[in-house]
Amino acid sequence: MYKYSEEFIERDIFLEKKLGISNLQIYAYRHKNVLKVTGKIESDGLKKDISFALVGYDKNNDIILTEKNSGYGNFIVTSRIKPNSFFNEYPFGFSYGSKVVNKVKKIKVYPVEEN
C-alpha cells in the first residue's frame, strides 16, 4: 500500500471555514487500482448539512475522477453529515476503484453544502 504525501492533497480552506470546519485531517492511500481517502473533521459545530467531494487530476491537471464521500447509517445510507449528529473529529472517507487511479497526480477534497 502506498501512502501519498500531504502535497498530493488540495483543500478549499475558505469554503471549510464558511461551513464551520476549523481543520481537516486527510490521508490518501493507493493499493493496486484503488484510491482510499480517509479523514476527520475538526470543528466546534457545523453550520449546515455537508458532504464531501473528491476530485482527481492527472499530470496535465485534467479531471479524471470524481466521487462523493461514502455513506453513513445502518438502514438509510447517506453521505450527508448533519450538524445535529456531528461530533468533533467526525470521520469521512472515499474509496474509488479504477485503472485511472494509477494516473492520479493530485486530489482535491472539499465540503459541499447540502440543501
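Q: What makes the contact between E16 and R11 a salt bridge?
A: The closest N and O atoms of E16 and R11 are 2.6 Å apart in this predicted model. The cut-off is 4 Å between a Lys or Arg side-chain nitrogen and an Asp or Glu carboxyl oxygen. The value lies within that limit, so the pair counts as a salt bridge.

Q: Why is E16 called buried?
A: E16 has a relative accessible area of 0%. Buried means under 20%. The value for E16 meets that rule, so the residue is buried.

Q: Why is R11 called partly exposed?
A: R11 has a relative accessible area of 26%. Partly exposed covers the range between the 20% cut-off for buried and the 50% cut-off for exposed. R11 falls in that range, so it is partly exposed.

Q: How do you know that D49 and R80 form a salt bridge?
A: Their closest N and O atoms are 3.1 Å apart. The limit is 4 Å, so this pair qualifies.

Q: Why does the pair of D49 and R80 tie together separate parts of the chain?
A: D49 sits in the loop between β4 and β5. R80 sits in the loop between β6 and β7. These parts are 31 residues apart in sequence, so the salt bridge ties them together.

Q: Are D49 and R80 buried or partly exposed?
A: D49 has 18% relative accessibility and counts as buried. R80 has a relative accessible area of 24% and is partly exposed. The cut-off for buried is under 20%, so D49 falls on one side of it and R80 on the other.

Q: What makes R80 and E114 a salt bridge, and which parts of the chain does the pair link?
A: The N to O value is 3.4 Å. That is within 4 Å, so the pair counts. R80 is in the loop between β6 and β7, and E114 is in the segment after β8. The two residues are 34 apart, and the pair links distant parts of the chain.

Q: Why is E114 called buried, and which network does it belong to?
A: E114 has a relative accessible area of 17%. This is under 20%, so E114 is buried. Salt bridges that share partners join D49, K68, R80 and E114 into one network. By the same 4 Å rule, the count of salt bridges comes to eight.

Q: How do you know that β1 and β3 pair?
A: Two bridges join strand β1 to strand β3. Pairing needs at least two bridges, so these strands pair. They run antiparallel. In β3, Y29 is the bridge partner of K3.

Q: What makes β3 and β4 a pair, and what lies between them?
A: Nine bridges connect β3 and β4 in the antiparallel sense. At least two are needed, so the pairing rule is met. N23 stands opposite E42 in β4. H31 has V34 as its bridge partner in β4. The two strands form a hairpin with two residues between them. In the turn, K32 has a positive phi of about 60°.

Q: Why are β1 and β7 called edge strands?
A: The open sheet has four strands in the order β1-β3-β4-β7, with antiparallel pairing. β1 and β7 each pair on one side only, and that makes them the edge strands.

Q: What makes up the largest nonpolar core?
A: The core has 26 residues. V37, I41, F52, I107 and V109 have the most contacts inside it. Elements giving two or more residues to this core are β3, β4, β5, β7 and β8. β7 gives the largest share, four residues. Beyond its neighbours within four places in sequence, V109 is in contact with several residues, including I26, V37, F52, L54, F92 and F94.

Q: Why is the chain called as compact as a globular protein of its length?
A: The chain has one helix and eight strands. Its radius of gyration is 14 Å. The globule rule gives 13 Å for 115 residues, and the value is close to that, so the chain is as compact as a globular protein of that length.

Q: How do you know how confident the prediction is?
A: The mean pLDDT of the chain is 93, on a scale from 0 to 100. A value of 70 or more is reached by 94% of the residues. Among the elements, confidence is highest in strand β2, at 98, and lowest in strand β7, at a mean of 94.

Methods. Residues numbered from 1 in each chain as written. Predicted model: local features only at pLDDT ≥ 70, side-chain atom pairs only at ≥ 80, totals over all residues. Heavy atoms only, no water. Buried < 20%, exposed > 50% of the residue type's maximum accessible area, 1.4 Å probe, protein only. Core = buried A, V, L, I, M, F, W, Y, C linked by side-chain atoms within 4.5 Å. Contact = heavy atoms within 4.5 Å. Rg over C-alpha atoms; globule rule 2.2 N^0.38 Å.
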